[in-house]
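Q: Please take a close look at a single part of this model. Tell me what is covered there, what does the covering, and how the rest connects to that part.

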Amino acid sequence: MPKVLHDGLKKRCGCGARAWSKCQHPWQFNFHHDGRDHRYSLDAVARARNASPPRSKTEAAAWRDRLRNEIRSGRPGEVAASKPSAGPTVEEVARIYQQRHIERDERRPAGQQLMTLYLAAALRATVPTPDGATVRFGDKPIASVTTEDVEAIRDGWRRRSTSAHRGRIGADRLLKRLRHFFNWAIEKGHVDHTPFRRHGG
């Protein structure tokens, strides 16, 4: 009988299961135990524990086995520190966008570099959470991104800029890249809405 869930490991990408061990998209962990489904992004789990995200299938399997043991032994606090996956994160979709849109063969290297710079800056930015803390934008589930997140990224860029003029221009370019990213993500079926208002963001 085929392993539909690949023994608890899979990826949300278009590369196909045979290519998962080589592609750079993040691993997902799925485990049904004691009547409950546990689903986590292994990238998010690793970052929550100040560890490097798994890239090879061997590394992903090690994380899978560790999480299974924690769940089976009734140590939910250790797993909950990473929070269950609520769909793909912004960074997970951004990696696909980078590969399929930015790194197209016909695109000039200078253009690729500039697009990558602004996308990476957005992923690194921190945005507020409802409890008053902050979270790295790239770690948020893409479906949960709000207009307030976009405004926080814009304001943060402007605060870090050396002049108001450069800050405004840089923020406008960053938001333009983010707007395109979300429009692309909607077109490709990764999310069903954009955090940008109809007349700006």
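A: In this predicted model, the buried residues of α7 are Gly167, Gly170, Ala171, Leu174, Leu175, Arg177, Leu178, Phe181, Phe182, Trp184 and Ala185. Each falls under the 20% cut-off for relative accessible area. Arginine 177 is on that list, along with two glycines. An α-helix has 3.6 residues a turn, so residues three or four places apart point the same way.

The helix itself covers residues 164–187, 24 in number. From first C-alpha to last, α7 reaches 34 Å, close to the 34 Å expected at 1.5 Å a residue. Glycine 189 follows α7 and has a positive phi, near 85 degrees.

What do the buried residues of α7 pack against? They pack against α4 (90–102), α5 (109–124) and α6 (147–160).

Take α5 first. The axes of α5 and α7 come within 9 Å and cross at roughly 90 degrees. The two helices are therefore roughly perpendicular to each other, since 65 to 115 degrees counts as such. On the α5 side, the contact uses Met115, Tyr118, Leu119, Ala121 and Ala122. On the α7 side, it uses Gly170, Arg173, Leu174, Arg177 and Leu178. Of these α7 residues, Gly170, Leu174, Arg177 and Leu178 are among the buried ones.

Leucine 178 deserves its own look. Setting aside neighbours within four places in sequence, leucine 178 is in contact with Ala122, Phe137, Ile153 and Phe196.

Now α6. Its 14 residues should span 20 Å at 1.5 Å a residue, and its end C-alpha atoms are 20 Å apart, so the two values agree. Buried in α6 are Thr147, Asp149, Val150, Ala152, Ile153, Gly156 and Trp157. Their cover includes α5, β4 (126–128) and α7. Ile153, a contact of leucine 178, is one of the buried residues of α6.

These pieces meet in the nonpolar core. The largest such core has 47 residues. Those with the most contacts inside it are Leu42, Phe137, Ile142, Leu174, Leu178, Phe181 and Phe182. Two or more residues come from each of β2 (27–33), α1 (42–48), α2 (57–72), α4, α5, α6 and α7. Which element gives the most to this core? α7 does, with 8 residues.

Among the contributors, β2 leads to the sheet. 5 of the 7 residues of β2 are buried, and the strand is mostly covered. The sheet is open, with 3 strands in the order β1-β2-β3 and antiparallel pairing. β1 (9–11) and β3 are the edge strands, each pairing on one side only. The twist averages 25 degrees from one strand to the next. α2 packs on the sheet and touches β1, β2 and β3. The direction of α2 makes about 30 degrees with that of β2.

The pairing can be read residue by residue. β1 and β2 share 3 bridges, with lysine 10 opposite glutamine 28. β2 and β3 are joined by 6 bridges. There, histidine 32 stands opposite aspartate 37, and histidine 33 stands opposite arginine 36. The hairpin of β2 and β3 has 2 residues between the strands, and aspartate 34 takes a positive phi near 55 degrees.

One last residue: histidine 38 lies in β3 (residues 36–41). Is histidine 38 buried or exposed? Its relative accessible area is 8%, so histidine 38 is buried. Neighbours within four places aside, histidine 38 is in contact with Phe29, Asn30, Phe31, His33 and Ile71.

Definitions and conventions
Residues are numbered from 1 along each chain as its sequence is written. This is a predicted model: local features need pLDDT of at least 70, side-chain atom pairs count only at pLDDT 80 or more; totals for chains, interfaces and linings use all residues. Side-chain values use heavy atoms; hydrogens and water are left out. Helices (H or I, at least four residues) and strands (E, at least two) are DSSP runs, numbered from the N terminus. The expected span of a helix is 1.5 Å times one less than its number of residues. Buried means under 20% relative accessible area, exposed over 50%, partly exposed in between (1.4 Å probe, protein chains only). Contact means heavy atoms within 4.5 Å. A nonpolar core is a set of buried Ala, Val, Leu, Ile, Met, Phe, Trp, Tyr and Cys residues joined through side-chain atoms within 4.5 Å. Two strands pair if DSSP finds at least two bridges between them. Axes are lines fitted to C-alpha atoms, for helices over the stretch in contact, and angles run from 0 to 180 degrees between N-to-C directions. Angles under 35 degrees count as roughly parallel, over 145 as roughly antiparallel, 65 to 115 as roughly perpendicular and the rest as oblique.
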